[in-house]
Amino acid sequence: MSDAHNAQLDWDEHGQPLSRSYGDVYFSRANGLEETRHVFLAHNRIIERCQALPAGGRLVIGETGFGTGLNFLCAWQAFAEHAPRDARLHFVSVEKFPLTQTDLQRALALWPELASYAEQLLAQYRAIHPGFQRLLLDGGRVVLTLMIGDVLECLPQLEARVDAWFLDGFAPAKNPEMWTDSLFTELARLSAPSATLATFTSAGFVRRGLIAAGFAVVRVKGFGHKREMLAGPFQAQPMQRTVPWFARPTLTTDDRQAVVIGAGLAGCATAASLAARGWRVTLLERHDDVAREASGNPQGVLYLKLSAHGTALSRLIVAGFGHTRRLLERLQRGSDWDACGVLQLAFDSKEAERQNKLAAAFPSDLLHALPQTEAEARAGIGLPAGGLFYPDAGWVHPPALCRQLVQHPLIELRPYQEALSLSRQQERWCVEGQSGVLAEAPVLILACAAEIGRLLPEANLPLKRIRGQISRLPASTASRALRTVVCAEGYVAPARDGEHTLGASFDFHSDDLTPSVAEHAGNLELLREISTDLAERLDAQALDPATLQGRAAFRCTSPDYLPLVGPLAAGQAFNQAYAILAKDARQVPETPCPWLDGLYINSGHGSRGLITAPLSGELIAAWLEDEPLPLPREVAEACHPNRFMLRQLIRGTGSPT
């Protein structure tokens, strides 16, 4: 796939952008800013609604056609100037052809009064790849969810309650594929009970379609020389949304306190997402500090193992990669992380064939194939083959990311607190340790990897532990030539603090976390497969595996390799409520799901936690707060902890895999 997934622009003599594909302008030549304020802000009463928000309240705006982001920045400015300080703005927008960073910068330079907002957007506007991309702005107070793709493919995947619609996009005459009854039906499905809608067009078929879908739109005075536009409220009944076992549990309390067990990446990310929404979080960790187990390696790799078939896992990885990549901008480049790129070697013909399919399926700014000579030039060392290069990826020091995530006044990290048992009393979860109650709160999130099985044995969650060991190799003058992460069966990263990280072994059977000489030897073997040149530069044949430094930890994974993220039902009650599914899997009983009130899980990230755990923190917060989900509905359901109970019931098996 070429870079045709970005908008192709021409610029007129006034410096205004025009779309080459649609032959239409992005905003009014008279005054785009005033047009946005007239059409979208005034007719959705955005300023009045911001003023009327309660403390801790939120406004959700949905948009078709992100374009240059002008509508978003105008809405953000109105929100910043008129909403309570602790309110939040969620802006969800679809864009088939996102602007490149350079074009966006050029377009937004036309509006100097929005510069302070535009700068924040531009700083986060990277890794905007197909699918859902979440951007956190103004310390998480403003959340932008961009859906990159066709509006009629993206909106059915969105799970949200939208308060105000900006129905934008190129004019119906220039872009008839968008303005259809299917679109109007989706807008109705996603509308909150008191939603409003505004659009610059007054085309008759648009007006009739919106009215048929439940919007009481009328023609009103347009902007500038445009005679008319459409605006009005949604007046139909909001629709039934989803099957009960994937529905949203209702929060039974206004007391926004949570306990998170486990201060690895999943726990720290969950705490950060909740704290950004005004929750007070107690983070319990059995070790002395954050990131002491699987999140504690000196260098983790942003390794994107993708599928050309758009699987749930692949879509999760693209969305998670973008989210993590934007978070890393807050860290110290060079010591905490580096966007040095990741090269996946095409080590045999089967891998080369897989890579060719990926290169055809994804945009080249996410990944592209490099022949051997170019791959060697990019990596700075001799290689056995070319491969796929991910220019925006690189390595991360996971403890630095964990520490950054928990830097929030509402998060209290409590080390040396090992949770031994859980109970629910008077609508609160009680976490007990050796010396009694460690913490209690109405909401509890388990982010303690496979230890969840010990704390919640009756849930029977199929989490398994896989031991992994990395080796730390002292860098030599010659090895410092390595400029990118290189992966084959294992990986090796450029030097950080005078050492290269090499790994990582996979052992399904060992429970011992003492680094083993055999696995150091195995890692050195992986190094030779990656590059004999680098092995020579490190004088690997002279290295004694018995003297190598390293560390071992357990990755926690599930049978389908997807994480478990979300609320959890009570097993026995679930089986009783939905027993009919064992006979007929197509039934959808109306029985509400018997949730374990206030209990959520964020676990099972395997060896890709750097990519999936931070976005999973946002997903937990969205489940809890009834917000737009940061992932396509199908992907969120594929990660739902209830999926194993459901499969077990339908297959009538004793095991939840």
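This report walks through strands, helices, aromatic rings and a few unusual backbone spots in one protein structure. The model is a predicted one.

**A strand covered on both faces**

Start with strand E5, residues 88-95. Here 8 of the 8 residues are buried, so E5 is largely enclosed by the rest of the structure. Look at its two faces in turn. On one side sit Arg88, His90, Val92 and Val94. On the other sit Leu89, Phe91, Ser93 and Glu95. Both faces are covered.

E5 has a partner in strand E4, residues 58-64. The two strands pair in the parallel sense, over 7 bridges. Within this pairing, Arg58 stands opposite Arg88.

**A strand with two parallel partners**

Strand E24 covers residues 443-446. Val443 and Ile445 point one way, while Leu444 and Leu446 point the other way. Every one of these four is buried.

Strand E12, residues 257-261, pairs with E24 in the parallel sense over 4 bridges. Strand E31, residues 595-603, also pairs with E24 in the parallel sense, over 3 bridges. Find Leu444 in E24. It is the bridge partner of Val259, and it stands opposite Leu599 in E31.

**A small antiparallel sheet**

Strands of a sheet pair through backbone hydrogen bonds, and the pairing is either parallel or antiparallel. The next sheet is antiparallel and open, with 3 strands in the order E14-E19-E15. Which strands stand at its edges? They are E14 (300-301) and E15 (337-338). Each has a single partner strand, so one side of each is left without a neighbour in the sheet.

E15 is joined to E19, residues 395-396, by 2 bridges. In this pairing, Trp337 stands opposite Val396.

**Aromatic rings**

The structure has 14 aromatic pairs. One of them is Phe72 with Trp76: the ring centres are 5.6 Å apart and the planes meet at 35°, so the pair is tilted. A tilted pair has planes that are neither under 30 degrees apart nor over 60. Both residues belong to helix H3, residues 70-82. They are 4 residues apart, so about one helical turn separates them. Phe72 and Trp76 are both buried.

Another pair is edge-to-face: Phe574 and Tyr578. Phe574 counts as buried because its relative accessibility is 0%. Tyr578 counts as buried at 0% as well.

| Aromatic pair | Centre to centre | Angle between planes | Type |
|---|---|---|---|
| Phe72 and Trp76 | 5.6 Å | 35° | tilted |
| Phe574 and Tyr578 | 5.0 Å | 75° | edge-to-face |

Phe72 and Trp76 are also part of an aromatic cluster. Its other members are Phe40, Phe66, Phe91, Tyr117 and Phe166. Phe91 has already appeared, on one face of E5.

Two arginines sit over rings. The charged end of Arg106 is over the ring of Trp11, 4.0 Å from its centre. Arg465 lies over the face of Phe554, at 4.0 Å from the ring centre.

**Helices that cross**

H3 returns here. It packs against helix H5, residues 115-124, with the axes 10 Å apart. The angle is about 120°. H3 and H5 are therefore oblique to each other. Their crossing is right-handed.

A second crossing joins helix H7, residues 181-190, and helix H8, residues 204-213. Their axes come within 9 Å and cross at roughly 40°. That makes H7 oblique to H8. Is the crossing of H7 and H8 left-handed or right-handed? It is right-handed.

**Backbone oddities in loops**

Three loop residues deserve a look. The peptide bond from Gly503 to Ala504 is cis, with omega near -15°. Ala504 lies in the loop between strand E28 (499-503) and helix H15 (517-530).

Ala127 is not a glycine, yet it has a positive phi of about 55°. Its loop runs between H5 and strand E6 (131-137). Ala127 has a relative accessible area of 5%, so it is buried.

Tyr561 has a positive phi too, near 65°. It is found in the loop between strand E29 (549-557) and strand E30 (564-569). Is Tyr561 buried or partly exposed? With a relative accessible area of 46%, Tyr561 is partly exposed.

Conventions. Residues numbered from 1 in each chain as written. Predicted model: local features only at pLDDT ≥ 70, side-chain atom pairs only at ≥ 80, totals over all residues. Heavy atoms only, no water. Pairing = 2+ DSSP bridges. Phe/Tyr/Trp six-rings, centres within 6.5 Å; stacked < 30°, edge-to-face > 60°. Buried < 20%, exposed > 50% of the residue type's maximum accessible area, 1.4 Å probe, protein only. Lys NZ or Arg CZ within 6 Å of the ring centre and 35° of its normal. Axes fitted to C-alpha atoms, helices over the stretch in contact; angles between N-to-C directions. Parallel < 35°, antiparallel > 145°, perpendicular 65-115°, else oblique. Left-handed = near helix turned anticlockwise from the far one by under 90°.
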